[in-house]
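Me: Hi! I'm new to this one and would love a quick tour. Could you walk me through it?

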Amino acid sequence: MKNKKLSSEKILDMNWTYAKTIVLASAVELEIFTHIAHGKKTVNQISKAAKSSRRGIEMLLNALVGLGLAVKNKAGIFTLRPESAEFLVRGKPRYLGDMSLHSLELNKIWLHLTQCVRSGKPYAAVEQKDAAE
């Protein structure tokens, strides 16, 4: 059996996974996908629709492109990938955006994992042991 070259890719990916959740949740909260689906295609148009800074929206849009959720052409026009158009546009039957916001709330709880492991106690008090497990 040949020795496989060790790679840090899995560990590095784990270190940055939370950022994907936060980028997605921020985009959902600002309704970026919905704005693009409704014809807002440039940074200026999207920032106005989202009532947010141009600089911040541009960085968020570029992150969405990097995550494969949006496309940016050479003229700076943004469009949605098919998955984003189907699942992240508010009002669509298969909308999953609220799940992204819920995931963000769950991440806040996960930040206390070390404390829970050390103490053996749940993050939030529960009335019955079965409810905590």
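Reply: Happy to! One term before we start: helices here are DSSP runs of H or I with at least four residues, numbered from the N terminus. Also keep in mind that this is a predicted model.

Me: Good to know. Where does Ile109 sit, then?

Reply: Ile109 is found in helix α6. With a relative accessibility of 40%, Ile109 counts as partly exposed.

Me: What does Ile109 form on the surface, and with which residues?

Reply: A nonpolar patch, together with Leu106, Trp110, Leu113, Val117 and Tyr123. The accessible area of the patch adds up to about 620 Å².

Me: Which helices supply at least two residues each of that patch?

Reply: Those are α6 (97–110) and α7 (113–119). Three residues come from α6, and that is the largest share.

Me: Let's go inside. How many residues does the largest nonpolar core have?

Reply: It has 20 residues, and among those with the most contacts inside it are Phe33, Leu61 and Leu64. At least two core residues each come from α1, α2 (32–37), α3 (43–50), α4 (54–66) and β2 (78–80). The largest share, four residues, belongs to α4.

Me: Which residues does Leu61 touch?

Reply: Leaving aside residues up to four places away in sequence, Leu61 touches Ile32, Ile36, Val43, Ile46 and Phe78.

Me: Changing topic: how many salt bridges are in the whole structure?

Reply: A search finds six. As background, side chains of opposite charge can pair when their charged atoms come close.

Me: What does Arg90 pair with?

Reply: Arg90 meets Glu31 in a salt bridge, at 3.1 Å from N to O. This pair links distant parts of the chain, 59 residues apart: Arg90 is in the loop between α5 (82–87) and α6, while Glu31 is in the loop between α1 and α2.

Me: Which residues are in the network with Arg90?

Reply: Glu31 and Asp98 are linked with Arg90 in a network of salt bridges.

Me: And is Arg90 buried or exposed?

Reply: In between: Arg90 counts as partly exposed because its relative accessibility is 34%, and partly exposed covers the range between under 20% (buried) and over 50% (exposed). Glu31 is partly exposed too, at 28%.

Me: What about Lys20, which partner does that one have?

Reply: Lys20 forms a salt bridge with Asp13, and their closest N and O atoms are 3.3 Å apart.

Me: Last one: how far apart in space are Ser8 and His35?

Reply: They are 38 Å apart, C-alpha to C-alpha, with their positions 27 residues apart in sequence counted as separation. Ser8 lies in the segment before α1 (9–29).

Notes
Residues are numbered from 1 along each chain as its sequence is written. This is a predicted model: local features need pLDDT of at least 70, side-chain atom pairs count only at pLDDT 80 or more; totals for chains, interfaces and linings use all residues. Side-chain values use heavy atoms; hydrogens and water are left out. Patches are made of residues with over 30% relative accessible area and no salt bridge: like charges are joined within 9 Å, nonpolar side chains (Val, Leu, Ile, Met, Phe, Trp, Tyr) within 5 Å. Accessible areas come from the Shrake-Rupley method with a 1.4 Å probe; for residues, only the protein chains shown count as cover. A salt bridge is a side-chain nitrogen of Lys or Arg within 4 Å of a carboxyl oxygen of Asp or Glu. Buried means under 20% relative accessible area, exposed over 50%, partly exposed in between (1.4 Å probe, protein chains only). A nonpolar core is a set of buried Ala, Val, Leu, Ile, Met, Phe, Trp, Tyr and Cys residues joined through side-chain atoms within 4.5 Å. Contact means heavy atoms within 4.5 Å.
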